[in-house]
Amino acid sequence: MGQTVFIPREVDPTEGRVAASPDTVKRLAALGFDVIVEAGAGTASRIPDEEFAKAGASIGKAADAGKADVVLKVRRPTDAELKGYKKGAAVLATMDPYGNDAAVVAMAKAGITAFAMEFMPRITRAQVMDVLSSQANLAGYQAVIDAAAEYDRALPMMMTAAGTVPAAKTFIMGVGVAGLQAIATARRLGAVVTATDVRPAVKEQVQSLGAKFLAVEDEEFKAAETAGGYAKEMSKEYQAKQAALTADHIAKQDIVITTALIPGRPAPKLVSAAMVASMKPGSVIVDLAVERGGNVEGAVAGKVVTTANGVKIVGHLNVPGRIAASASLLYAKNLFAFLETMIDKASKSLAINRDDELVKATMLTDAGRVVHPNFAKAAESYQEPAAVPARTMVADASAKPKKAAAKKPAAAKKSSTGKGTA
């Protein structure tokens, strides 16, 4: 009997994605693994149990996680899920470890080897494993669709005998993977698109998609990209200059989509309340960074807020999950591509090479320890909150309050003048 891969149904009721597809199940089975998919795991992604079964999976229950050598997930396992995993199991998921030290320590204590898929390095070899790119691409698309739904007017210019419908002016703030897809989607729908970013390299990409580029192009701007291709956090001075440049521009826009995220940090505030107040009634802002605090002042996670001046601020959570059927297929391929690099084809079993650059970049916990350098120190200093003794939580009703001892009036001191002081 070969090793077992388990794909659970996500416990978060708002998560419709699943970490496998019939195609990846078929490939795992071909590699010699026994694949168990929890019943109903793919329902929200339009993948019925029967499709997984046809691909070679067994349909099981949550308790089957206890026999798995590998667990493929969308979100970080909860404490309850960890209790059902066997020690030494490899767990691949989007772990979201920043600011969640307790959860990281819990995975270490559970003895699992946890891989944070969002830490996959952006190198040629790992492109097919890049979950951030695959999911952000869909988020950028969905952001435009959500904006168009809230805008309730046509996006393209339409010239008719009855008159002309003007094209919607759309501004994309942050031109990573999500931003580029948002530009492309808005352009396909006929909007007039402008975009901004702090990285000089994206200017040409923006223009190649038919949009105009807007940025303060000073010396700081020229060095505003990390070796990994992410945006650096800009100085307060630069942010002020950029804000001044964009303030007038935002006031003229119909749709604004913000996508700026910096790994491990709160999302930078790009759109102030004053900028929102300057927009026309019926304008729409979509904040894709709302889960990290948001780029837009006034954005509320999980809600669509209408401001006093009639601007809608869209703060949907888990935007890729809003199109789970597409997102799951891409995410499943990302996971399989990475897992395949850790499989010994001869023995048809998991063989993790801890010296591999992909493993080093993504391994979060291993053998009971937090091993990722970004979190190891925090884990060492982390202390679980002490349990509160029961006797301190419930007042002793039979205890009689002690009477305060009567204080004798203090004798008045004499000053150098011989008079008393109060």
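This briefing walks through a sheet, a cluster of aromatic rings and a set of salt bridges. The model is predicted, so please read every value below as computed from that model. Eight strands make up an open sheet with mixed pairing. The structure also holds four aromatic pairs and 19 salt bridges.

**The sheet and a helix across it**

- The strand order in the open sheet is β3-β2-β1-β4-β5-β6-β18-β19.
- At the edges sit β3 (58-60) and β19 (369-370), each of which pairs on one side only.
- Inside that order, β1 (residues 4-7) and β4 (residues 70-75) run parallel to each other and pair over two bridges.
- If you would like a spot to look at in β4, Val70 is the residue that stands opposite Val5.
- Helix α1 (residues 22-30) lies across β1, β2 (34-38) and β4, and α1 runs at about 150° to β2.

**The aromatic cluster**

- Tyr98, Phe119 and Phe375 are joined into a cluster by ring pairs.
- The structure holds four aromatic pairs, among them Tyr98 with Phe119: their ring centres are 5.9 Å apart and their planes meet at 65°, so this pair is edge-to-face.
- This pair brings together distant parts of the chain, 21 residues apart: Tyr98 is in the loop between β5 (90-94) and α4 (101-109), while Phe119 is in the loop between β6 (113-116) and α5 (131-151).
- Tyr98 is partly exposed because its relative accessibility is 23%, whereas Phe119, with a relative accessible area of 16%, is buried.
- Tyr98 also pairs with Phe375, and here the rings are tilted, with 5.0 Å from centre to centre and 55° between the planes.
- That second pair spans 277 residues, linking Tyr98 in the loop between β5 and α4 to Phe375 in helix α13 (residues 373-381).
- Phe375 is buried, at a relative accessible area of 4%.

**Salt bridges**

- Of the 19 salt bridges in the structure, one joins the side chains of Lys67 and Asp64, with 3.3 Å from N to O.
- The two partners differ in their surroundings: Lys67 is partly exposed, with a relative accessible area of 47%, but Asp64 is buried, with 8%.
- Another salt bridge connects Asp96 and Arg292, whose closest N and O atoms are 2.5 Å apart.
- Asp96 lies in the loop between β5 and α4, and Arg292 in the loop between β13 (284-287) and β14 (304-306), so this bridge links distant parts of the chain, 196 residues apart.
- Asp96 is partly exposed, at 34% relative accessibility, and Arg292 is partly exposed as well, with a relative accessible area of 29%.
- Glu150 and Lys312 form a salt bridge too, with 3.2 Å between the closest N and O atoms.
- Glu150 belongs to helix α5 and Lys312 to strand β15 (residues 312-314), so the pair ties together parts of the chain 162 residues apart in sequence.
- Lys312 is partly exposed, with a relative accessible area of 25%.
- Finally, salt bridges link Asp12, Glu15, Arg17 and Arg75 into a network.

Technical notes: Residues are numbered from 1 along each chain as its sequence is written. This is a predicted model: local features need pLDDT of at least 70, side-chain atom pairs count only at pLDDT 80 or more; totals for chains, interfaces and linings use all residues. Side-chain values use heavy atoms; hydrogens and water are left out. Two strands pair if DSSP finds at least two bridges between them. Helices (H or I, at least four residues) and strands (E, at least two) are DSSP runs, numbered from the N terminus. Contact means heavy atoms within 4.5 Å. Axes are lines fitted to C-alpha atoms, for helices over the stretch in contact, and angles run from 0 to 180 degrees between N-to-C directions. Rings of Phe, Tyr and Trp (its six-membered ring) pair if their centres lie within 6.5 Å; planes under 30 degrees apart count as stacked, over 60 as edge-to-face and the rest as tilted. Buried means under 20% relative accessible area, exposed over 50%, partly exposed in between (1.4 Å probe, protein chains only). A salt bridge is a side-chain nitrogen of Lys or Arg within 4 Å of a carboxyl oxygen of Asp or Glu.
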